[in-house]
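The exercises below are to be worked through with the sequence and the model at hand. Each task is followed by a solution in steps.

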Amino acid sequence: MSILQKATETAASRRAKVVYPEAAEPRVAEAIRRLQADGLVVPVPLAKEPSAAHVAALVEARGLKEGIAKRMLGRPLYRAAAMVAAGEADAMVAGADSPTKRVIEAASIGIGLAEGVETVSSFFLILFPDGREMIFADCAVNVAPDAAQLADIARASSGSGAALLGAARVALLSFSTGTSGAGASVDMVRAAAETTGFLGPVQADAALNPAIAAKKGLGAGDANVLVFPDLDAGNIAYKLAQELGGAQAVGPFLQGFARPVCDLSRGATVEDIVAATLVTVAMA
């Protein structure tokens, strides 16, 4: 059973409450209609006005002054995030009509980060024609992470992998495997790997090919969560997987928040929004 099939079953059993701050956007509206008709989620209407609970979520959890909190909650993205924080919704799906930066800002202030996480990141669910399912991170948010940020990305990706793939086998990729190479980027990946205990630095072939992994003496060659050293590498890799490998790239999904948040591509189709919602709910 594929991840999307499992996510559909999970959604049907959980009937999670999802808030869509852009529900009036035609693609989002159609996706909501389909999801509701199939009994997969319970769409929660965006609150017309901020409530005392929404204000409290920003004042008490974020330390904002009440007047500032009320002004922020005048914006749909912030109000939706506050609804999640207040327990009125299980997840937030946005981004069809908003830049990633704005979605992250609203979720950071309204929902906050998960315990022990200081870096918001993203991942794509990569589905290959031969049935392989993988997570690629970070492909959309952090341009040039340092070692601490890369470690955060790896930890969050491990959690996403465990939730979606059943088990996360994380590899922190580099142009060098083990101690065979040197340089600032290799040192950065090595520091992140040592901090987290995940495999790395490791070249992509050694991370994915058991024979090459055995030859290089590092790992089992069966990674299913690939963490890239920077946004250049991650973004290029997922697009190559699409164009040359025929893979379907679902996402990007935001990770690192205390509650599930999905950042849709502004070019997302109705089908993309449906799939993104199902995966978001599966991680709830």
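## Exercise 1: Unusual backbone geometry

Asp 138 lies in the loop between β5 (133-137) and α7; helices (H or I, at least four residues) and strands (E, at least two) are DSSP runs, numbered from the N terminus. The model is predicted, so local features need pLDDT of at least 70 and side-chain atom pairs count only at pLDDT 80 or more, while totals for chains, interfaces and linings use all residues. Residues are numbered from 1 along each chain as its sequence is written, and side-chain values use heavy atoms, with hydrogens and water left out.

Task: Determine which peptide bond leading to Asp 138 is cis, and what its omega is.

Solution.
1. The peptide bond in question runs from Ala 137 to Asp 138 and is cis, with omega near -15°.
2. A further cis peptide bond joins Gly 251 to Pro 252, with omega near 10°. Pro 252 belongs to strand β9.
3. Arg 15 has a positive phi of about 50°, although it is not a glycine. Its position is the loop between α1 (3-14) and β1 (17-19).
4. Arg 15 is partly exposed, at 38% relative accessible area. The classes are buried under 20% relative accessible area, exposed over 50%, and partly exposed in between (1.4 Å probe, protein chains only).

## Exercise 2: Salt bridges

Task: Describe the salt bridges made by Glu 30, and state how its partners are placed in helix α2.

Solution.
1. A salt bridge is a side-chain nitrogen of Lys or Arg within 4 Å of a carboxyl oxygen of Asp or Glu. By this rule there are 10 salt bridges.
2. Glu 30 pairs with Arg 33, the closest N and O atoms being 2.8 Å apart. The two are 3 residues apart in helix α2 (residues 26-37) and are therefore separated by about one helical turn.
3. Glu 30 also pairs with Arg 34, where the closest N and O atoms are 3.0 Å apart. Because these two are 4 residues apart in helix α2, about one helical turn separates them as well.
4. Glu 30 is partly exposed, with a relative accessible area of 25%. Arg 33, at 47%, and Arg 34, at 31%, are likewise partly exposed.

Task: Locate the parts of the chain that the salt bridge between Asp 222 and Arg 169 links.

Solution.
1. The side chains of Asp 222 and Arg 169 meet in a salt bridge of 3.5 Å, N to O.
2. This pair links distant parts of the chain, 53 residues apart: Asp 222 is in the loop between α10 (210-216) and β8 (225-227), and Arg 169 is in the loop between α7 (147-165) and β6 (170-173).
3. Asp 222 is partly exposed at 37% relative accessibility, and Arg 169 is partly exposed with a relative accessible area of 37%.
4. Returning to the Glu 30 pairs, salt bridges that share partners join Glu 30, Arg 33, Arg 34 and Glu 271 into one network.

## Exercise 3: The largest pocket

Task: State how many residues line the largest pocket, and which of them lie nearest its centre.

Solution.
1. On a 1 Å grid over the protein atoms alone, a pocket is an open set of points where a 1.4 Å probe fits, with protein on both sides within 12 Å along at least five of seven lines; lining residues have an atom within 4 Å of a point.
2. The largest pocket holds about 430 Å³ of space, a volume being the space filled by probe spheres set on the points, which are joined across faces, edges and corners.
3. Its lining comprises 26 residues, and Phe 124, Gly 251, Pro 252, Leu 264 and Ser 265 lie nearest the centre.
4. At least two lining residues come from each of α11, β9 (248-255), β10 (261-263) and α12 (270-282).

## Exercise 4: Exposed residues

Task: Is Leu 244 buried or exposed?

Solution.
1. Leu 244 is found in helix α11 (residues 231-245).
2. Leu 244 is exposed, with a relative accessible area of 71%.
3. Ala 184, in helix α8 (residues 184-196), is also exposed, at 69%.
4. Ala 184 and Glu 60 are 124 residues apart in sequence and 41 Å apart in space, C-alpha to C-alpha.
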